[in-house]
Each structure stands twice: as structure tokens, then as C-alpha cells.
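Open the model in your viewer with both the cartoon and the side chains available. The tour below goes from selection to selection and says what is found at each stop.

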Amino acid sequence: MVTVTIDGTVIEAPEGTTVLEAARGIGIDIPTLCFFAQLNNIGSCRVCVVEVEGEDRLVASCNTVVREGMVVHTDTDQVCTARTTALQLLLSQHDLNCAYCPRSGTCRFQKLLLDAELIAWDPLGLFMTELPSPYPKQLVRGKRAEWPAHNIIQRDENRCIHCGRCIAACDKLENIGVWAFMGTGSRSTVGVADGMTMRQAGCVSCGQCITHCPTGALSERDDISLLLDAIADPTKTTVVQIAPATRTSWGVGLGADDGALGVERMVAALKALGVDYVFDTSLAADLTIMEEGTELLNGLSERTPDTNGITWPLFTSCCPAWVRHAKDHHPDALAHLSSAKSPMMMLGAVTKAWFAEKCDPPPENIFSVALMPCTAKKGEITLPMNSHPDIPDMDAALTTRELARMIKNANIDVNALGDMPLDDPLGTFTGAGVIFGTTGGVMEAALRTAYFVATGQTAPPDSFTFAVSPHGAWTEGTFDLNGTPIRCAVSHGLSNAHALLDAIRAGVVEYEFVEIMACPSGCAGGGGQPIDGTDCEQGLKRGQTLRAIDKTQMPLRYSHENPQIQMLYDVFFGKPCSELAHHLLHTVHLPDDAGATKEKTA
Amino acid sequence: MPRLVIESPTAAETEHARLAKKAAAMLASTPCEQCPVEYTASLSRMFLADSCGKCTPCRVGLRTCCAKLDTIIAGEGTPQLLDDLRSTAQVMYAASDCAIGFTAGRMILDALDGFAEDFASHAEDDLCSHRPKAQATCTTTCPAHVDIPAYIACIRAGHLDDALRVIRNTNPLPTVCGYVCEHPCEATCRRALEDAPVNICGLKRYAADNATWSPAPTPLPATGKTIGIVGGGPAGLTAAYYLQLMGHAVTIYDQREKLGGMVRYGIPDYRLPQDRLDADIDFILSTGIDVRTDCAVGTDTTFEELMDAHDAMFVSIGAHDSKKLGCDGEDANGVMSAVEFLLAASSGRAPDFTGKRVCVVGGGNVAMDCTRTAKRLGALSVECVYRRRLTDMTALPEEIDEAKAEGCQITQLQAPIAIKTDKDGAVCALVVQPQVIGAIGRGGRPAPYDADVAQRDIPCEVVIVAIGQAIDSGAFSSVVQTERGCIVAQEDGAIADAPTPLYAGGDAVSGPSTVIKAIAAGRVAAANIDNALGYTHDVYDHVDVPPAQLSIGPCGRIELKDVISADAAQTFEIAKLGMSVQEAHQEASRCLRCDHYGFGATRSQEVASW
């Protein structure tokens with residue numbers, strides 16, 4: 001422990017603590033902009049600078065550790081001037097068009113500028129004005145400000161504050177490195193490494209760069225109009241499915257607290273927008289469990305080492321960013337990804353194949369939309385795995401943030417709405433389906449059902465616990481399925497997946513079943529999730545919301561107990577992994593998606 | 001009003017000189033990381049500021065050049081604009097009156113040629129291919145890319161073993177480099193902008209001398225592959241260390257009694273004591289490397305046999321042959337090559353120079369080593385004879401200074417013509433032709449030519465020829481090709497068309513060069529041999545580097561002190577004292593941690609990995 005004095009308060013702080021952490025520990029809030037906890041402390045914005053006695057110059061509190069006897073001042077004139085100047089300089093290169101920016105309200109830069117009284121809303125709150133500044137506006141025009149409109153990840157050069165958070169997120173969380181600082185000197189900016197296209201650079205569209213961006217420089221391609229046009233089209237029947245993780249936090253940005261509004265309120269909001277049917281992707285998650293669990297049990301006896309002597313596990317394939325990454329970087333593992341489609345694509349197939357048949361709208365008149373915590377889903381729906389030759393199973397995939405924007409644009413007050421139930425016949429779900437939205441959830445849901453299938457008995461739902469692996473940053477557990485031990489591992493963040501795959505290849509670890517999610521904490525921390533403008537990860541908290549729903553609100557917690565799943569197998573598919581199920585619910589992971597033109601050019 | 005006054009610099013002149021020094025330090029400490037086009041524009045603008053405005057090509061032409069460069073930087077350049085820029089610069093070079101104008105023109109022309117690709121990509125695609133490397137400049141400049149800020153942080157925290165572990169990630173000879181590295185890292189140390197570069201080399205020696213030396217890492221599981229390494233100098237030892245750690249079974253073959261190559265037999269003990277060298281070698285060998293010393297390829301075994309016996313080979317035979325003067329009397333009794341002289345001196349067979357006058361011919365570090373060694377062997381006088389000027393010598397300035405301090409004479413601008421012998425065939429004088437320094441040649445060094453004065457004799461009994469080394473690759477000629485006295489290898493160290501994976505590196509490939517470059521070549525070979533055998537072993541040792549601390553304010557650089565003793569120049573004891581704990585802590589605290597407080601922070605913390 002070292003003794004430090006911050007703004008006159010003497011405290012003891014562990015060695016290695018940063019000045020920022022020490023100050024926040026005693027309630028002194030030093031503003032930060034480029035900093036992101038455990039991810040980015042490059043100290044580029046210079047907003048968090050403080051004065052340290054004995055030092056000639058100011059130091060960044062985010063990347064300076066405390067030392068014995070350090071005396072820190074966080075609010076001297078020099079500090080305030082430096083902070084204000086840093087903000088003014090950034091503002092001189094920022095396109096202050098808050099009214100049109102998707103991040104208005106959750107933009108950290110906007111908050112700091114408002115706090116510093118450098119900008120102000122006009123009296124009606126319609127547009128933002130800048131107070132006089134000594135720094136003239138310098139926006140980038142022409143070719144350098146252009147960005148391909150079809151890219152799933154959209155970038156606005158004139159909103160970028162060059163904080164490097166996207167670079168850090170892509171590099172450290174995902175081990176990809178799509179983004180890089182480009183150029184030098186006054187022209188240096190953030191761009192795709194080595195002037196490549198996003199796809200060439202290995203972008204998997206996970207969207208972590210967006211959720212870690214403090215401003216609106218990065219955003220998802222806005223596909224809202226696809227749904228609104230379909231709602232307006234009288235010939236179209238609009239079907240919307242709601243992904244498990246979206247229910248954790250969709251109200252953020254609509255004046256509701258994280259986790260305050262449930263799925264029934266979402267249904268009401270969607271119906272208010274004019275959507276015809278609202279189903280729950282959690283039901284399809286149960287379907288995925290039936291298929292993938294069966295695939296796992298069927299495959300156990302056939303496991304043999306490949307030509308390189310590696311014994312591969314069965315990998316989950318619900319996460320399109322992981323699937324894309326495997327195609328790019330782990331082709332040797334590709335054959336070992338579950339052939340089961342993701343829940344979204346399964347529900348898409350069931351909607352246009354079975355629901356269309358049962359409830360009459362012809363598949364070409366159904367407009368099927370998914371509300372996802374995910375940006376990679378926008379790419380996944382373009383993959384060639386449709387149930388009808390010329391009709392896409394899914395017509396659009398919108399993020400949780402796009403939903404909030406639609407509701408906001410339509411002036412719907414979600415707090416004033418009542419709750420509405422999901423529509424039959426595809427609206428019943430289980431706790432197993434809900435926890436799909438958090439890391440380890442797919443694994444746990446699969447084990448609950450696999451245990452039942454293998455033993456004929458029901459294990460208590462919370463009996464599958466995992467512990468951190470001694471070999472790396474993933475969790476593992478071994479479970480006895482009727483005498484067969486199943487070794488399982490759960491990994492989130494592609495960096496961790498990378499290490500896990502290397503360990504499998506090296507023979508350091510061996511598993512039968514591995515769940516991989518690209519985003520930290522799984523879909524709850526997904527790249528399409530609401531952003532709250534803070535400088536720490538939100539996924540863990542949101543994942544816990546899903547766990548709580550499973551534990552406290554769900555009468556059904558096993559996928560195989562879902563009555564609608566049972567009904568679907570009775571009347572339509574026959575049994576899991578039947579021929580029809582294979583046709584509609586499974587796919588082949590091709591190394592190169594020849595049909596995925598939209599994704600390829602993105 | 002007095003008729004004349006004693007002038008003193010104005011405040012502005014003083015400030016100008018101070019700023020010029022800072023700017024020079026900045027330019028010198030910056031590796032090629034900026035955008036070359038922007039760099040050219042900045043330099044042009046500096047010249048423009050210096051233009052007096054008299055001549056048209058400079059006053060107007062340089063201004064339009066700056067504007068054109070700005071247009072290119074703004075992304076609005078065209079190939080036509082590049083042509084316009086070139087023709088303006090050509091006129092500036094050809095038609096300007098003074099040095100500012102024609103140098104600016106020449107500089108822009110040189111930049112257009114030297115940075116041709118960058119100019120083209122800017123003008124045609126508005127694409128700047130240049131990206132700053134996410135490493136501190138010292139690390140970038142170090143041929144072995146040692147993570148210097150990390151190990152200095154370890155030293156500052158007193159974790160000396162960790163410092164050595166960091167160094168050994170890319171350089172397994174920390175002691176050797178702590179004593180004799182030419183430290184190119186220090187030339188780009190950004191601390192130079194504040195006061196002076198950090199004494200990186202001295203800190204490394206401090207760590208190596210004072211650490212407890214925890215055991216070497218355990219090699220990865222055995223692969224069953226065997227690798228033969230010919231030559232146990234720095235390149236061979238480096239490759240051996242990493243390949244052994246990767247799980248391969250390595251055997252080093254060396255013609256001498258002990259390992260170390262030129263580091264042992266070419267560097268005198270007063271610069272690198274042999275027991276300190278042994279410490280590094282013992283550490284490397286503790287990983288289980290097999291050693292066959294006194295085994296010369298060509299006499300004790302053949303290269304073909306070794307190739308048959310191993311899955312891969314690395315040839316790091318160094319440059320142990322001497323270049324000859326090619327003058328009369330070179331075969332006389334008393335004439336010896338630098339290599340054989342230093343070899344004899346370091347293997348206990350030193351000739352007795354008592355009462356003898358010694359001439360050393362040459363101007364590099366090897367010449368200085370010979371000069372100072374001869375002095376220690378009791379020579380009556382030692383004179384280093386060099387045909388260019390003192391400033392043209394390639395030896396490190398401190399080596400020259402120390403030779404002079406030890407009482408040796410450096411005689412410049414004397415070209416050796418012949419060696420005179422007495423009736424017994426023994427050397428009695430070195431005949432030299434005085435020189436005048438002349439025109440600067442293509443390499444940027446001025447060439448000397450004969451002065452209009454007569455030749456003269458320098459009376460002496462011994463002549464040591466230190467004008468360069470060559471390689472002796474005869475025993476390998478069935479497989480390797482040589483070009484200008486060096487083995488021809490690709491940039492990955494591989495030798496094309498070899499029957500088994502065959503790599504070469506060190507002086508044998510580069511020609512006589514520095515220890516750190518040989519180490520870098522050894523690591524390159526180790527990584528690529530591993531790949532050639534079908535592996536991607538990672539032997540990176542993840543060290544817990546202490547978090548960055550703020551550096552101390554402006555402060556003098558700690559220099560290593562000479563050993564104070566009356567007979568310092570008579571013994572082979574180490575000539576320089578290492579840093580004290582106090583000195584090392586202060587010096588380590590001067591490091592700016594550019595890896596943390598700089599651009600280095602923008603990418604993953606790992607500077608290097610296997």
C-alpha cells in the first residue's frame with residue numbers, strides 16, 4: 001500500500017493503482033474520454049490530466065500509477081484550462097450534429113462538452129449550438145470522409161475523436177486488429193489497417209468497436225426503414241422475433257433503467273409500431289438445444305483425432321461473428337462447428353416454412369425481422385441457408401439500439417404502455433432459451449437437455465457449474481451423462497477463443513463440447529446492445545439480468561419441456577435431427593460464403 | 001559610439017542555438033516512422049524559412065514546392081503534380097546561387113527518388129502507407145528489438161532477474177551486450193530531447209552483473225528434430241538457445257577450444273572479461289545444448305556429414321580471415337593480422353612486446369582493440385596508422401579516446417606503402433605515404449590522396465594489420481554461394497536450393513558487423529528453422545513488467561567510469577566500472593517509458609512474440 005493525497009484527502013491505495021482509480025475510490029470524479037476500464041489507457045485525449053506536486057507537467061490520471069507520498073490535485077486552474085482546451089480542440093474537428101446522431105444522449109463527448117458548458121441545446125432541445133471557441137472548425141471533406149454505405153459497421157470520420165478505443169477493442173477483445181491509427185502527424189486518424197476493406201481486414205462485424213466508441217463515429221448500418229416500409233406495405237405480414245439478450249437493457253436510451261423493462265413491454269412497443277406478430281427467439285433457442293444437443297450426443301461415439309492428431313470438440317455455432325472468424329482464421333476447426341443454425345435463422349426458417357403454411361400468409365408476403373443484440377446478424381441473414389430457393393428466411397436484422405431509435409422516432413412512451421403477451425404459436429419460451437443471451441448459457445441449456453436425453457432424468461437446472469481453466473481465460477467443467485463424462489469449456493471474446501483453440505491444437509486441453517461467443521459476456525455484451533456512455537463493460541450486469549429471469553421468473557427451465565417445441569416436433573419435424581430438421585434447421589459452414597455478397601463487400 | 005565592440009550573442013541568437021540543438025536531437029532520434037511526404041514538406045519549409053529571397057528559384061520555386069507538397073498531403077495530388085515538383089526542384093538545384101537553394105532542390109529530388117513509392121501512393125490513391133510502429137524508438141532501432149523500456153522498468157523496480165528475462169526474449173547474451181554492444185538504441189532514445197539519451201547499455205550491464213540469474217526456462221517438449229549449428233559465436237549461440245527452448249536437439253560445432261567466436265577471440269578481456277562471457281554461454285548451454293569444440297568443418301568433419309546427421313543446419317562461421325594490405329614485406333617476421341593477434345592474446349599465447357615498437361594499420365574498432373592490447377603486452381610504443389582523418393575512423397569515439405588516454409598514438413592521413421625488413425627478414429619499419437583528404441565519394445566518405453610530400457618510414461618491430469576481415473567458407477562451398485566475400489542467404493536466413501533446411505547468419509552473411517546484429521540474425525534463423533520444420537513454437541517468456549512510473553526531471557546521464565589505477569593500461573582487467581545501485585536507479589528513472597506514455601500504448605503490450 002502507498003499513501004497518496006488527492007485534493008487534500010490522504011488515502012492508502014494498493015501499489016499499481018492508477019491515480020484515476022484512487023480518486024474515484026474516494027468519490028472524486030475525474031472526467032475521462034479515451035479511457036475504457038481494462039481496455040484502453042493510452043492517454044490520448046488528455047481530458048483526465050491532473051497536477052502532481054513535484055512534476056513539471058500535467059499527467060494523465062488514467063495511465064499513471066500512484067507512488068508513495070504522491071500529492072495530486074484534480075481541479076487546479078492549470079488542470080481545468082488543459083481539460084477545456086483539450087475538449088475545444090477535439091470539438092474543432094467534430095461535426096456537432098447531435099440532433100441527427102444516433103449517440104446523442106449516450107455520447108460521452110457530448111456529456112463532457114455540456115458539463116464544460118462548451119455546447120448547449122437550444123431552448124427547445126432540438127439542435128445543439130457551440131459556444132464561441134478560439135479554434136476554427138476543421139472538418140474532413142471529400143474522399144477521406146467517405147465510407148461504404150453497405151458496410152455493417154459505419155464510420156463517420158468527422159465524429160471520431162481518435163481515442164483508439166475501437167482499436168483496443170478489436171485488438172484486445174477480439175484479437176483481430178481491423179482498426180489502426182493511420183497516417184502520421186496532423187493527418188493521423190483511425191482507419192482500416194493497411195488500407196484494406198473491412199472484410200479483407202478480417203472484420204467479423206461483432207460491433208465491439210461500436211459499443212466501445214465514446215461518440216457516434218462508429219455505428220451499425222441503419223436498417224430501420226426496411227421494417228417501417230414493410231409495416232406500411234398492406235400486402236406484408238410483419239413478423240418480429242426478439243432475441244434473449246435484448247430484453248436486458250432495451251429501455252436504455254428510452255428513459256428506463258438497465259433491466260427495468262421486460263419482454264412483454266417490448267411486445268407492446270412493437271405492436272404500437274404496427275408489427276403484426278411478435279415471437280421470441282428464445283423459443284428457437286430451445287429448438288437449437290434440441291438439435292445441437294442431439295448432434296452432440298450422436299457425435300460422441302464418432303470422435304477421432306484429425307490428420308494432425310487433434311481431437312476436436314463440438315463447437316457451438318449460434319454466434320455469427322465466431323463462425324465468420326472460424327472461417328477466416330480457424331479453417332481446421334470449421335468441420336467441428338455444430339451444423340445447427342443459430343436460433344434466429346431457425347425461427348426464420350420455421351416462420352417462412354411452417355408458420356406460413358399454418359397461418360396462411362404466403363412466405364413471400366411475410367417480412368421477417370429479428371431484433372438482436374448483435375451487429376453480425378446483419379451479415380448472417382445474407383448467408384445461403386434459406387428454406388425457399390428465392391425467398392430469404394430473414395428479411396432484416398435490427399439491433400437493440402435500432403429498436404430504441406424506432407420507438408423514440410415514433411414518439412412512443414414505453415413507460416406509459418401496458419405489457420402485452422407474445423404471440424402464439426411461437427411465443428412460448430423457457431429459462432434455458434433466455435440464458436442463451438449470456439456467456440455459458442448455450443452450454444448450460446444444452447447440458448440440461450442432454451442430461452435428460454442421456455439419463456432419462458432431470459438434473460436440477462443449476463447443477464452445471466463451471467470454473468476458470470488453469471490453462472487460460474475460459475471456464476470449464478466435466479459432467480457425467482449416464483456414465484459418459486462430457487468435458488466442456490466456455491469462452492467469450494475471440495481473443496480468448498483464439499487461445500483456447502491453440503490449447504486444443506497443442507493438446508494442452510481436450511473437450512467434448514465448447515461454447516464460443518465473440519462478445520465479452522456473450523450476447524448480453526453484444527455489439528448491438530445499448531450503450532450507456534460510461535467507461536466500463538456492461539455485459540456482465542446484463543448477463544446477470546438474464547440469469548435472474550431464468551432463476552426467478554421462468555416456470556419452465558428446460559428446452560425439452562417447452563410445449564411449443566414438443567408440438568413442433570409432433571406435428572412438423574418428427575424428431576430432432578430428422579431429415580426435415582436437417583433441411584430447415586441445419587446448415588453447412590463453407591469456408592467462403594459465395595452467396596454472402598452483402599457481407600463480403602462489407 | 002566606439003569604433004568596434006566585443007560582440008556577444010543576443011538573446012535571440014542564444015535561443016536559436018538552443019532550439020537548433022533540440023531540433024537536431026529530435027531529427028536524430030526519430031527513426032523513419034513519419035510519413036515521408038510530410039517529412040519532405042517539413043524539411044522544405046525549414047529551408048524556405050532560411051531562404052534570403054535573393055534568387056528566384058529558391059524564393060519562388062521553393063515556395064511552390066511547399067505548396068505542391070501540401071496539395072499532395074491533402075490528398076489532391078496527381079502524377080502530373082509529382083512531375084511538376086520534380087522539374088521545379090531540378091531548376092532549383094541547377095540554377096540557385098547559394099547552398100540553401102541548391103541543397104533544397106537536391107533534397108527534394110532525393111526525396112522523390114528515395115520515397116518514390118510513398119509519393120506515388122499519396123499522389124495516385126491518397127494512401128499513406130506509413131504507420132508509426134507501436135514500439136518505443138529504442139526498441140525499433142535495436143536490431144534484436146529488445147523490449148528496452150520494459151527491462152529498464154524492471155531495473156528501476158530492482159527486479160534484475162526479470163530484466164534479464166525480458167532481454168532474453170530476443171537476445172540471450174545480455175552480459176555480452178551490456179559490455180560491448182554498440183547500442184544503436186541510444187542514438188534514437190527520445191530522452192535526448194530532454195537532456196541526453198539513457199545509458200541503456202550501462203543499465204544492461206548493471207542488470208547482468210548484479211542479478212541472481214534464475215535458471216533458464218525449461219525447453220518445450222522434445223520434437224525429435226536435431227539441428228546442427230556451425231560456429232558458436234553470438235549468432236550461433238542465439239539460434240541454439242531458441243531452437244533448444246523450442247524442443248529441438250541442438251549441437252554446436254566450433255573450431256576453437258571454447259565457444260564465443262569473435263566475442264571471445266576478437267574482443268580483448270579488458271572490454272569483456274572471459275568469465276563474464278562464460279556466464280552467458282553457461283546459461284545458454286544449461287538448456288541442454290550439445291557442444292563439439294575443437295571441431296573444424298573441413299578437417300575434423302565435413303559439411304556433408306553434418307547435413308546428413310541433422311534435420312536442419314545453421315551456418316554462423318563468422319569472418320575470421322584477415323584482409324591483407326597487399327604490399328611488399330607483408331610476409332615478414334613481425335607482421336601479423338588482427339585476427340591472429342587477438343586470437344593469440346585471448347587464448348593465452350600472447351606475444352611478448354616488451355621493448356618493441358608496434359604499428360597497427362586500420363581505423364575500426366578492431367584496430368583500437370589491437371592498439372590497446374599491444375600496449376598491455378608491454379610494447380614500448382604503439383602507433384595506430386590510418387589513411388583517413390580521425391573523424392573518418394569507424395571505431396567508436398570512446399574507444400579512440402581511451403586508446404589515446406592509455407598512451408597510444410593515433411597517426412592520421414598516412415597510407416601504408418610497404419613494410420621494410422632487416423637482413424634477417426624481420427620488420428624494421430612501416431613505410432607510409434602522407435595523404436590529403438579529398439573528394440567525397442558515393443558512400444559519403446571522403447577519399448584520401450597522396451600529399452605532395454615524400455614517403456617516410458615509421459620505425460617498428462611489429463606491424464598488426466587490422467583493415468578488415470573476410471570469411472573462410474571453403475569447407476561449405478559445395479552448398480553455399482558467396483558474393484563479395486559473404487555467404488549469400490535470403491532475408492529469412494535461408495540458403496536457396498539446399499538439400500536440407502539450411503540457414504546462415506551473422507558476420508558470415510553480413511560481413512564483419514556488430515554483436516547485436518549477429519544476435520538478431522540468430523533469432524531470425526531460429527524462428528524460420530522452426531517454421532521450416534513444420535512448427536510454430538512460441539518461446540516468449542511473459543514477464544510481469546512493473547507499471548510505468550513517471551520519469552525524473554532533467555538530469556545528467558550516468559556514464560561508466562574508468563578504473564583508476566596507475567597500471568590500468570598494463571593489465572587485461574576490465575577497464576570500465578559498472579554502475580552502482582544508486583546510479584542505476586537514477587539512470588533507470590530517466591527512461592521516459594515511451595512504450596507506455598507514447599504511441600506504444602496504442603497496441604497490445606507485447607512488443608515481440610515468437
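Start in chain B with helix α12(B), where I200(B), G202(B), L203(B), K204(B), R205(B), Y206(B), A207(B) and A208(B) are buried. Keep in mind throughout that this is a predicted model.

**Around helix α12 of chain B**

Select residues 200–210 of chain B as a whole. Eight of these eleven residues are buried, so the helix is largely enclosed by the rest of the structure. To see what does the enclosing, add the helices around α12(B). The cover over its buried residues includes α7 (137–141), α8 (148–156), α9 (160–168), α10 (174–180), α11 (184–187) and α22 (581–588) of chain B.

**Two helices that cross**

Next, select helix α4 (residues 79–95) and helix α6 (residues 116–125), both of chain B. Their axes come within 8 Å and cross at roughly 135°. An angle of that kind makes α4(B) oblique to α6(B). Show the side chains where the two helices meet: P79(B), L81(B) and L82(B) belong to α4(B), while F119(B), A123(B) and E124(B) belong to α6(B). Sorted by class, this contact has five nonpolar residues, no polar ones and one charged one.

**The parallel sheet of chain B**

Now colour the strands β3, β2, β1, β4 and β18 of chain B. In that order they form an open sheet of five strands, and the pairing is parallel. At the edges lie β3 (290–292) and β18 (502–504), each of which pairs on one side only. Neighbouring strands here are turned against each other by 20° on average, direction ignored.

Zoom in on β1 (residues 226–230) and β2 (residues 249–253) of chain B. Five bridges connect this pair in the parallel sense. Which residue of β2(B) is the bridge partner of I229(B)? The partner is I252(B). Then add helix α13 (residues 234–245) of chain B, which lies across β1, β2 and β4 (312–315) and runs at about 165° to β2(B).

**Another strand pair in chain B**

Move to β7 (residues 357–361) and β8 (residues 381–385) of chain B. These two strands run parallel and are joined by five bridges. Pick C359(B) and look across to β8(B) for its bridge partner, E383(B). Strand β8(B) is mostly covered, with four of its five residues buried.

**The mixed sheet of chain A**

Turn to chain A and colour β2, β1, β5, β3 and β4. They make an open five-stranded sheet in this order, with mixed pairing. The edge strands are β2 (9–13) and β4 (59–60), and each pairs on one side only. Strand β1 (residues 2–6) of chain A runs antiparallel to β2(A), and five bridges join them. One example to label is T3(A), whose bridge partner in β2(A) is E12(A). Helix α2 (residues 77–92) of chain A packs on the sheet; it touches β3 (49–52) and β5 (70–73), and its direction makes about 160° with that of β3(A).

**The nonpolar cores**

Stay with chain A and select C166(A), W179(A), C209(A), V278(A), W322(A) and A518(A). Among the 202 residues of the largest nonpolar core, these touch the most other members. Helix α10 (residues 343–359) of chain A gives this core its largest share, nine residues. A second core, separate from it, has 147 residues, including Y179(B), V263(B), L306(B) and L377(B).

Go back to W179(A) and show its surroundings. Apart from neighbours within four places in sequence, W179(A) is in contact with C166(A), I167(A), C170(A), V190(A), V192(A), A193(A) and C209(A).

**Two residues with positive phi**

Most residues other than glycine have a negative phi. Select N482(A), which is not a glycine yet has a positive phi of about 55°. N482(A) sits in the loop between β18 (475–481) and β19 (484–492) of chain A. Is this residue buried or exposed? N482(A) counts as exposed because it has 12 C-beta neighbours inside 10 Å.

The next stop of this kind is R484(B), a non-glycine residue with a positive phi of about 45°. R484(B) is placed in the loop between β16 (482–483) and β17 (486–487) of chain B. With 7 C-beta neighbours inside 10 Å, R484(B) counts as exposed.

**Where the chains meet**

Finish by showing both chains together. Here 21 residues of chain B are in contact with 25 residues of chain A. On the chain B side, the touching residues divide into nine nonpolar, eight polar and four charged.

Technical notes:
Residues are numbered from 1 along each chain as its sequence is written. Chains are lettered from A and ligands numbered from 1 in the order in which they are written. This is a predicted model: local features need pLDDT of at least 70, side-chain atom pairs count only at pLDDT 80 or more; totals for chains, interfaces and linings use all residues. Two residues are in contact if their C-beta atoms, placed from the backbone, lie within 7 Å. Ala, Val, Leu, Ile, Met, Phe, Trp, Tyr, Cys and Pro count as nonpolar, Asp, Glu, Lys and Arg as charged, and the others, Gly among them, as polar. A nonpolar core is a set of buried Ala, Val, Leu, Ile, Met, Phe, Trp, Tyr and Cys residues joined through C-beta atoms within 7 Å. A residue is buried if 20 or more other C-beta atoms lie within 10 Å of its own, exposed if 12 or fewer, and partly exposed in between; C-beta atoms are placed from the backbone. Axes are lines fitted to C-alpha atoms, for helices over the stretch in contact, and angles run from 0 to 180 degrees between N-to-C directions. Angles under 35 degrees count as roughly parallel, over 145 as roughly antiparallel, 65 to 115 as roughly perpendicular and the rest as oblique. Two strands pair if DSSP finds at least two bridges between them.
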